Amino acid sequence: MSFTSCLAVALGGAVGSLARYMLSAAAQPISGSLPWGTILINILGSFIIGLFGTLTLTHGRYPVSENVRLLVMVGVCGGFTTFSSFSLQTLDLLRSGAMGRAAINIIASVVLCVGAVAIGHFAATWFNRDVRIVQLPIEEETGPAQTS
């Protein structure tokens, strides 16, 4: 973990957090009985991490440095997506007795976000065309693998 890596994550987090705030505010009019802003943010963030994460693999069509991957995948996507907000809003729905809306929130968020990651991944795989893609543990959000 270098200072540059930490700075990349921090800057990306600031961008992602601001984008989340702006999209949440824009979605307020449609978020009557369900937190649609949060659901949309998580879907979009899932798509972005799936697309960018696959396109920029070492053997992908558009490889980038580890710091750029950290900036986008950990910083921007981490600051943008709102799983903690999703969890709190789901708990609030459950506590208020809105079991059906809580179930819709859980199912819509999980299914659509996993679907968005898959669509992003497959879109990037298509852009990579003939490049062989192998997802390695080192390419996950945690950054470079630590050696013992």
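Me: Which residues form a nonpolar patch on the surface, and what makes it a patch?

Reply: In this predicted model, the patch is formed by Ile106, Ile107, Val110, Val111 and Val114, and together they have about 430 Å² of accessible area. Patch members need over 30% relative accessible area, and nonpolar side chains are joined within 5 Å. Take Val110 as a worked case: with 41% relative accessibility, Val110 clears the 30% mark.

Me: OK, and why does Val110 count as partly exposed?

Reply: Partly exposed is what sits between the buried limit, under 20%, and the exposed limit, over 50%. Val110 has 41% relative accessibility, so it counts as partly exposed. As for where it is, Val110 is found in helix H5, residues 99-128.

Me: What about Leu112: why is that one called partly exposed?

Reply: Leu112 has a relative accessible area of 41%, so partly exposed is the label; the exposed class would need over 50%. Leu112 is also in helix H5. Its C-alpha atom is separated by 9.6 Å from that of Leu44, and the two are 68 residues apart along the chain.

Me: Why is Ala123 partly exposed rather than buried?

Reply: Buried means under 20%. Ala123 comes in at 24% relative accessibility, so it counts as partly exposed. Ala123 lies in helix H5 too. Ala123 and Leu51 are 72 residues apart along the chain, with 6.5 Å between their C-alpha atoms.

Me: And what makes Gly45 buried?

Reply: Set the value against the cut-off again: buried means under 20%, and Gly45 has 2% relative accessibility, so Gly45 counts as buried. You'll find Gly45 in helix H2, residues 36-55. The C-alpha atoms of Gly45 and Val117 are separated by 8.4 Å, though the pair is 72 residues apart along the chain.

Me: How much of the chain counts as buried?

Reply: Of its 148 residues, 33% count as buried. Gly45 is one of the buried residues.

Me: Back to the labels: why is Ala19 called partly exposed?

Reply: Ala19 has a relative accessible area of 32%, so partly exposed fits, since buried would take a value under 20% and exposed one over 50%. Ala19 lies in helix H1. From Ala19 to Ile41 is 22 residues in sequence and 9.2 Å in space, C-alpha to C-alpha.

Me: How do you know what the chain is built from, helices or strands?

Reply: Just count the elements: there are 5 helices and 0 strands. Read from the N terminus, the order is α-α-α-α-α.

Me: Where do H1 and H3 stand relative to each other, and what is the handedness of their crossing?

Reply: The axes of H1 (residues 3-27) and H3 (residues 66-80) come within 6 Å and cross at roughly 35°. H1 passes H3 in a right-handed crossing. By class, their contact has 11 nonpolar, 9 polar and 1 charged residues. If you're sorting residues yourself, Gly goes with the polar ones.

Notes:
Residues are numbered from 1 along each chain as its sequence is written. This is a predicted model: local features need pLDDT of at least 70, side-chain atom pairs count only at pLDDT 80 or more; totals for chains, interfaces and linings use all residues. Side-chain values use heavy atoms; hydrogens and water are left out. Axes are lines fitted to C-alpha atoms, for helices over the stretch in contact, and angles run from 0 to 180 degrees between N-to-C directions. Helices (H or I, at least four residues) and strands (E, at least two) are DSSP runs, numbered from the N terminus. A crossing is left-handed if the near helix is turned anticlockwise from the far one by less than a right angle, and right-handed if clockwise. Patches are made of residues with over 30% relative accessible area and no salt bridge: like charges are joined within 9 Å, nonpolar side chains (Val, Leu, Ile, Met, Phe, Trp, Tyr) within 5 Å. Accessible areas come from the Shrake-Rupley method with a 1.4 Å probe; for residues, only the protein chains shown count as cover. A salt bridge is a side-chain nitrogen of Lys or Arg within 4 Å of a carboxyl oxygen of Asp or Glu. Buried means under 20% relative accessible area, exposed over 50%, partly exposed in between (1.4 Å probe, protein chains only).
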